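User: Please go through the following structure with me. I should like each term to be justified by its criterion.

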Amino acid sequence: MAESKTFPFAFFEGKIIPTELARVNIMTNALQYGNGIFGGIRGYVAEGKKSVNIFRVNDHYKRFLSSLKILNKSIRYSQRYLIDITVELAKKNNPRTDCYFRPFAYAKNFEISPDLSKLEFDFAMYMIPLGEYLPVSKGLKLAISNWVRINDNMIPSRAKVTGGYINSSLAKGDAAKLGCDDALMLSSDGHLAEGSGANFFMIRDGVLITSPKYNDVLEGITRRTILELAGELKISIEEREIDRTEVYIADEAFLSGTGAQVAWITEVDGRTIGEGKMGPITGKIQKLFFDIVRGKDKKYAGWLTKI
Ligand code: PMP
């Protein structure tokens, strides 16, 4: 994340405690084997700056629990209770800036074994202040990685599994070394899957196109938001496989995610996307998205949970 600062309180082992005391033993299975699942949720300072609103918290925890279900594991908290913990932690930390919640369910056992069936999961969460994770107004320079996206029968992309992020780290790390902001990754069948931590969208001839859920992508909450907003903006949508070379000749392209928000792409593999500027369709989507998360567009107030 861009900022490494944290808010003073975290939720750990059933209670809210000072973040610096929320520590695990080095023998913890999740550290050794990556047996954990996590979420990433944003809180946005509302228009008028009187409150902070958490964006689509229900949907985030639904996916969080689905990730656990894929691992065939559970934690002692229900979706409702996880939301309550999030609101309680937010009230305690009392953010005055945009912020990010990192809920985490992790294997807390000390055994030297990857045997998931024997592992017990606990839940923890911390908060950090977070502005832009990727620039949203400058235009991203991306490279298509030669690291292939993990697939559903390997480490499911659909589940936000801790260990799976080594795949993202390899791709993003190598892209950074090439001077790029991020990587795009191809699926095992050679189609464009997604970024290292964001979904991919492109526009060709007025149609908004994104990789389908079955093409090794995380089912992004922002992705879904954008598809819903495209309906309101009367933009045609295609959820279908994307060829690599279609990206090069797209009129517009952008990444979507809780961290990335709506971040437009200026260049992929040295090819300028469209005219190298933020395109009109991306611009409309980005504006509506920010109006909604900042609480300016009352129609979508149901997506916001006020702290
Ligand atoms: N893909 C990956 C691999 C991610 O890590 C993320 C960030 N959670 C996304 C897509 C976007 O998902 P969301 O919009 O739910 O943040």
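Analyst: D216 is buried, because its relative accessible area is 11% and buried means under 20%, exposed over 50% and partly exposed in between (1.4 Å probe, protein chains only). The model is a predicted one, in which local features need pLDDT of at least 70 and side-chain atom pairs count only at pLDDT 80 or more, while totals for chains, interfaces and linings use all residues. Residues are numbered from 1 along each chain as its sequence is written, and side-chain values use heavy atoms, with hydrogens and water left out.

User: Where is D216 found, and what is notable about its phi?

Analyst: D216 is in the loop between β12 (207-210) and α5; helices (H or I, at least four residues) and strands (E, at least two) are DSSP runs, numbered from the N terminus. Its phi is near 60°, a positive value in a residue other than glycine.

User: Why is K234 called buried or exposed?

Analyst: K234 has a relative accessible area of 74%, and is therefore exposed. K234 lies in the loop between α5 and β13 (236-239), and its phi is also positive, near 60°.

User: What makes N53 buried or exposed, and which residues does N53 touch?

Analyst: The relative accessible area of N53 is 7%, so N53 is buried. N53 belongs to strand β5 (residues 52-55). Not counting residues up to four places away in sequence, N53 touches R42, G43, Y44, A46, L304, T305 and K306, where contact means heavy atoms within 4.5 Å.

User: How do you know that β1 and β2 pair?

Analyst: Two strands pair if DSSP finds at least two bridges between them. Strands β1 (residues 9-12) and β2 (residues 15-18) have 4 bridges, in the antiparallel sense, and the criterion is met. F9 has P18 in β2 as its bridge partner. The two strands form a hairpin with 2 residues between them, and E13 in the turn has a positive phi of about 50°.

User: Which residues come nearest to the ligand, and what makes the approach of Y165 a polar contact?

Analyst: R63, Y165, E194, T222 and T258 come nearest, out of 17 residues around the ligand; a residue counts as near if one of its heavy atoms lies within 4 Å. An N or O atom in the side chain of Y165 is 2.5 Å from an oxygen atom of the ligand, and a polar contact is a pair of N or O atoms within 3.5 Å. E194 likewise has a side-chain N or O atom 2.6 Å from a nitrogen atom of the ligand.

Methods
A polar contact is a pair of N or O atoms within 3.5 Å; within protein, one must be able to donate a hydrogen and the other to accept it, and residues adjacent in sequence count only if both atoms are side-chain atoms.
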